[in-house]
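Biologist: I should like to go through this model with you, and I would ask that each label be set against the definition behind it.

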Amino acid sequence: MRKKILISLLLSFFCIYGKTQDIHFSQYHVAPLLLNPALSAMFNGDLRAALNYKDQWTSFGAGYKTYSFSADGAIKKNEWSNGFLGIGINIFNDVAGDANMSTTKVLLSISGIIDIDKSQQISMGIQGGLGQNSLNPNGLIWDDQYVNGAYNPGITTAEVIDLTPLYYGDISAGVSWKYVTGHSTISSYDASKYDAGIAIHHVNRPKQSRNLNDEKLYTKFILHSNACIGIKNTRLAFKPGLLVAIQGPSREIVFGGIMRYRLQEASHFTGYFGDQAIGFGGHYRLNDAFIPSVWYEFSNFAIGISYDMNLSSLRAASNLRGGMEVSLRFQNPNPFTYKRWSEPSFN
């Protein structure tokens with residue numbers, strides 16, 4: 001009986017994994033290449049890199065652990081008068097449950113960015129790469145490892161499982177737009193920045209299983225929008241954001257905002273001079289979780305910490321526990337001081 005239940009769970013997982021949602025980060029704006037390949041180099045600078053880590057559902061067992069690294073930058077920026085190219089790479093690994101069901105992807109992206117005028121840019125991008133799905137069942141328990149009702153880990157199961165990794169190609173595309181206005185200084189804001197984009201992922205619908213006929217990854221559509229709105233004559237800026245992802249029968253809608261405060265010299269918080277900012281806020285994932293977050297930016301770096309507080313129908317079992325997420329971003333030149341045309345000196 002245990003064997004039948006476990007096999008059913010494993011098959012159900014592969015079916016669900018193959019035909020519903022991809023991995024996702026609550027701090028989605030720090031994983032731009034997972035959102036939209038058109039966001040490659042679509043930022044105020046020349047080079048950007050980010051590390052993301054998410055640990056979720058550990059209250060139910062091994063849970064999920066997701067790691068991501070991305071880097072992108074601009075080329076031909078000083079050679080073309082009204083635009084440039086962007087290139088990027090994103091590598092991520094997701095490990096789920098006691099069976100160590102793993103998904104690893106390496107994705108390369110390229111974008112073309114055009115200056116519409118001194119305040120607007122538009123970008124189009126494509127992305128492609130290689131994915132791998134694998135399984136390590138060494139942590140699983142089978143019914144033939146029980147003797148007289150007692151589990152004996154020294155007994156090797158007779159179950160035969162195909163552990164050959166599954167490889168597949170993956171293709172995505174998207175478009176993005178950005179608008180900036182005004183200017184900012186270390187003492188006050190009088191500027192705003194807005195961006196929006198749409199993307200389509202898994203255009204080729206890669207096959208996800210050798211055991212189930214025609215199990216293919218659902219195509220995913222993403223709509224994203226963010227802003228950074230300076231509050232005049234203050235060092236405050238409000239950063240609202242919206243993410244809508246549709247993949248087969250699954251929907252993810254995340255919205256919220258962060259209040260950012262740019263620290264001035266001799267700050268009460270730090271006591272020394274420097275380019276720094278702090279941020280506090282939260283987002284809500286519809287019918288799922290509230291996500292409070294805190295941010296600290298210093299020179300070229302930014303650190304974000306958030307926590308998914310589960311508010312779904314599972315909250316009685318999860319006791320509001322969802323998952324911790326940490327991100328580290330590097331950007332060069334210093335985003336506090338670097339400007340290109342009318343771009344304000346904030347992110």
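Modeller: Let me begin with Ser81, which lies in the loop between strand E2 (64-75) and strand E3 (83-96); helices (H or I, at least four residues) and strands (E, at least two) are DSSP runs, numbered from the N terminus. The model is a predicted one, in which local features need pLDDT of at least 70 and side-chain atom pairs count only at pLDDT 80 or more, while totals for chains, interfaces and linings use all residues. Residues are numbered from 1 along each chain as its sequence is written, and side-chain values use heavy atoms, with hydrogens and water left out.

Biologist: Why does Ser81 count as exposed?

Modeller: Its relative accessibility is 64%, and exposed means over 50%, buried under 20%, and partly exposed in between (1.4 Å probe, protein chains only), so Ser81 falls in the exposed class. Ser81 is also 34 residues from Asp115 in sequence, yet the two C-alpha atoms are 8.7 Å apart in space.

Biologist: What makes Arg205 partly exposed?

Modeller: Its relative accessible area is 30%, a value between the two limits, and therefore neither buried nor exposed applies. Arg205 is found in the loop between strand E9 (189-201) and strand E10, and its phi is near 45°, a positive value in a residue other than glycine.

Biologist: What sign does phi have at Ala41, and where is this residue placed?

Modeller: Phi of Ala41 is positive, about 65°, although the residue is not a glycine, and its place is in the loop between helix H2 and strand E1 (47-56). Most residues other than glycine have a negative phi, and most peptide bonds are trans. Ala41 has 1% relative accessibility and therefore counts as buried.

Biologist: Which bond joins Asn332 and Pro333?

Modeller: A cis peptide bond joins them, with omega of about 0°, and Pro333 is found in the segment after strand E16 (321-332).

Biologist: Why is Lys54 called buried?

Modeller: Lys54, in strand E1, has a relative accessible area of 0%, so it satisfies the limit for buried residues. The side chain of Lys54 makes polar contacts with the side chains of Asp308 (3.1 Å) and Glu325 (3.0 Å).

Biologist: What makes each of these a polar contact?

Modeller: The term needs a pair of N or O atoms within 3.5 Å; within protein, one atom must be able to donate a hydrogen and the other to accept it, and residues adjacent in sequence count only if both atoms are side-chain atoms. Both distances of Lys54 meet that cut-off, so the term applies to each.

Biologist: Which residues does Gln27 touch?

Modeller: Contact means heavy atoms within 4.5 Å, and, not counting residues up to four places away in sequence, Gln27 touches Asn52, Trp295, Gly304, Ile305, Ser306, Glu325, Val326 and Ser327. Its side chain makes a polar contact of 2.5 Å with the side chain of Ser327. Gln27 has its place in the loop between helix H1 (2-19) and helix H2 (32-35), and with a relative accessible area of 2% it is therefore buried.

Biologist: How do you know that Arg260 is buried?

Modeller: Arg260, placed in strand E12 (residues 250-263), has a relative accessible area of 2%, so it belongs to the buried class. The side chain of Arg260 makes a polar contact of 2.7 Å with the side chain of Glu297.

Biologist: What makes a set of residues a nonpolar core?

Modeller: The residues must be buried Ala, Val, Leu, Ile, Met, Phe, Trp, Tyr or Cys, joined through side-chain atoms within 4.5 Å. The largest such core has 12 residues, including Tyr28, Leu35, Ala41, Phe43 and Val254. Apart from it lies another core, of 6 residues, among them Phe25, Ala31, Leu34 and Phe92.

Biologist: Why is a space called a cavity?

Modeller: On a 1 Å grid over the protein atoms alone, it is a set of points where a 1.4 Å probe fits but cannot get out, and lining residues have an atom within 4 Å of a point. The second largest cavity holds about 390 Å³ of space, the volume being the space filled by probe spheres set on the points, which are joined across faces, edges and corners. Its lining comes to 30 residues, with Asp22, Ile23, His24, Leu34 and Lys220 nearest its centre, and strand E11 (236-247) supplies the largest share, 4 residues.

Notes
1 Å grid on protein atoms, 1.4 Å probe; cavity = no way out; pocket = protein on both sides within 12 Å on 5 of 7 lines; lining within 4 Å.
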